[in-house]
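Here are some short exercises to work through with the sequence and the 3D view side by side. Try each task yourself before you read its solution.

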Amino acid sequence: MDSHDPAGPDSPIEVYLDELVAGLSTRQPRELRHLVAEAEAHLRDAAAEGMAAGLSGHAAELAAVERLGAASELAAAERRRLVTPLWALARQFVLTAVVLGGVGAMAVGASGALSAVIKGIAGPRVVAAPSSSQLLSAGDCARWLSLDPSARTCRAAATADWVNEVIWYRLALGLLGAVALTVFVMARRRSRRMHGWSLLPPAISDTIAATLFCIGGVWTLGLGIDAIAVSSGDGSGQWLSAAVVALIAAGIFGVRLIRDLRPAHP
Amino acid sequence: MKPERVKGHLDLVLLGVLSRGPGHGYAVITALREQSDGLLDLTEGSVYPALHRLEDMGWLASDWEPVAGRRRRVYQLTKAGATALRSEQKDWRALVSAVESVLRPGTASVVAT
């Protein structure tokens, strides 16, 4: 009768798992636990197959361990996989900056569209206008009036020019962001080489995005409120449109971040 | 076949096995051996880092499930993995075709005499 104890000190599988644990970094305990559990399941399956084929318990375990290869090699291969080289980290950082930059540009574009809606509802002065105390030079007035000959005053011409800049420059930036993101996604889908290029982990990129959008949102909200308090609302639309879009984006990235940080299998 | 020869195509064969359905590491290795009539008999320890790397790349996803009384990490092909497999298969067929063309008997001599 086979007196082999599969959990005993002389069990080849137990010795192998000990070597595997010793060879792996404990800085990533979950990776370590998962690899050991996976290797143990594999070895027990292989040993059971060997025993079913007529080997003794000890011989079946030895055969299973031999087929899996040296524990030190498996541990070394896993260590290589888990350590991200600096150049790969730099590439992840740049790609994440490109993607977040594209999303940010699209958000600016959305605020341009919202500014156009505000202009339609509340009039152009609410979007952008020179303050009553602001001195406008003769040269600037001439340029604004030449751009808008129908304007009756320099201030009206300046307002029209500024509003157009707020709306169209933002829309142009949004379009640029959308094109950049589309090109990036298409290139990543089509190029096998680029397909393996990863971004920073979602929790990091979502933290960056949520923080930046939150700061931008609060900052522009403050400027909008200031414009309402100081200039009777003139020029507040350009800031409030940006604040609304930025705070919505911050909310979306915040929800994503919460999902990132709450694992599906606690 | 020597394991080193398979090594360069390990991603392709692993994705190929998992394209037939989810499986844990031991089942994948067994399927590889059986489906190739024992020709693809790898060092089993090389399969796990490869599976983990493919998961890092987003080509595989894994989940822990109890199978036959043991807790096992079960891998399955993702949508991106299926796309990558098609691309790898295309490359593989092109390589096989190119090598066969060179090895085919009666191929015109290009060696200067």
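**Exercise 1. Work out what share of the longer-range contacts in chain B join residues at least 24 apart.**

Step 1. A contact means heavy atoms within 4.5 Å. Step 2. Take the contacts in chain B between residues at least 6 apart in sequence; 47% of them join residues at least 24 apart. Step 3. Do the count again for chain A, with the limit of at least 6 apart, and 68% of the contacts join residues at least 24 apart.

Before you go on, note that this is a predicted model, in which local features need pLDDT of at least 70, side-chain atom pairs count only at pLDDT 80 or more, and totals for chains, interfaces and linings use all residues. Residues are numbered from 1 along each chain as its sequence is written, chains are lettered from A and ligands numbered from 1 in the order in which they are written, and side-chain values use heavy atoms, with hydrogens and water left out.

**Exercise 2. List the secondary structure elements of each chain in sequence order.**

Step 1. Helices (H or I, at least four residues) and strands (E, at least two) are DSSP runs, numbered from the N terminus. Step 2. In chain B you should find five helices and three strands, arranged along the sequence as α-α-β-α-α-β-β-α. Step 3. Chain A has eleven helices and zero strands, so its pattern reads α-α-α-α-α-α-α-α-α-α-α.

**Exercise 3. Find how much of each chain is buried and how much surface it exposes.**

Step 1. Buried means under 20% relative accessible area, exposed over 50%, and partly exposed in between (1.4 Å probe, protein chains only). Step 2. In chain B, 38% of the 113 residues are buried; in chain A, 36% of the 266 residues are. Step 3. Accessible areas come from the Shrake-Rupley method with a 1.4 Å probe, and for residues only the protein chains shown count as cover. Step 4. Chain A exposes about 15,400 Å², with 66% supplied by carbon and sulfur atoms. For chain B the accessible surface is about 6,700 Å², and 56% of it belongs to carbon and sulfur atoms.

**Exercise 4. Put the strands of the sheet in chain B in order and find the edges.**

Step 1. Two strands pair if DSSP finds at least two bridges between them. Step 2. The three strands form an open sheet in the order E1-E3-E2, with antiparallel pairing. Step 3. Strand E1 (23-24) and strand E2 (60-67) of chain B are the edge strands, since each pairs on one side only. Step 4. E1(B) meets strand E3 (residues 70-77) of chain B over two bridges in the antiparallel sense. In E3(B), B:Tyr75 is the bridge partner of B:Gly23.

**Exercise 5. Which helix of chain A lies across these strands, and what does A:Asp45 touch there?**

Step 1. Helix H2 (residues 29-52) of chain A lies across E1, E2 and E3 of chain B, at about 105 degrees to E3(B) (axes are lines fitted to C-alpha atoms, for helices over the stretch in contact, and angles run from 0 to 180 degrees between N-to-C directions). Step 2. A:Asp45 is in this helix, H2 of chain A. Step 3. A:Asp45 counts as buried because its relative accessibility is 13%. Step 4. Leaving aside its neighbours within four places in sequence, A:Asp45 is in contact with B:His24, B:Tyr26, B:Arg70 and B:Arg72.

**Exercise 6. Find the aromatic pairs and classify them.**

Step 1. Rings of Phe, Tyr and Trp (its six-membered ring) pair if their centres lie within 6.5 Å; planes under 30 degrees apart count as stacked, over 60 as edge-to-face and the rest as tilted. Step 2. Over all chains there are two such pairs. Step 3. A:Trp144 and A:Trp162 are edge-to-face because their planes stand at 85 degrees, with ring centres 5.9 Å apart. This pair links helix H7 (residues 138-147) of chain A, which holds A:Trp144, with helix H8 (residues 154-190) of chain A, which holds A:Trp162, 18 residues apart. Step 4. A:Trp144 is buried at 5% relative accessibility, while A:Trp162 is partly exposed at 23%. Step 5. A:Phe213 and A:Phe253 are stacked, 5.8 Å centre to centre with 10 degrees between the planes.
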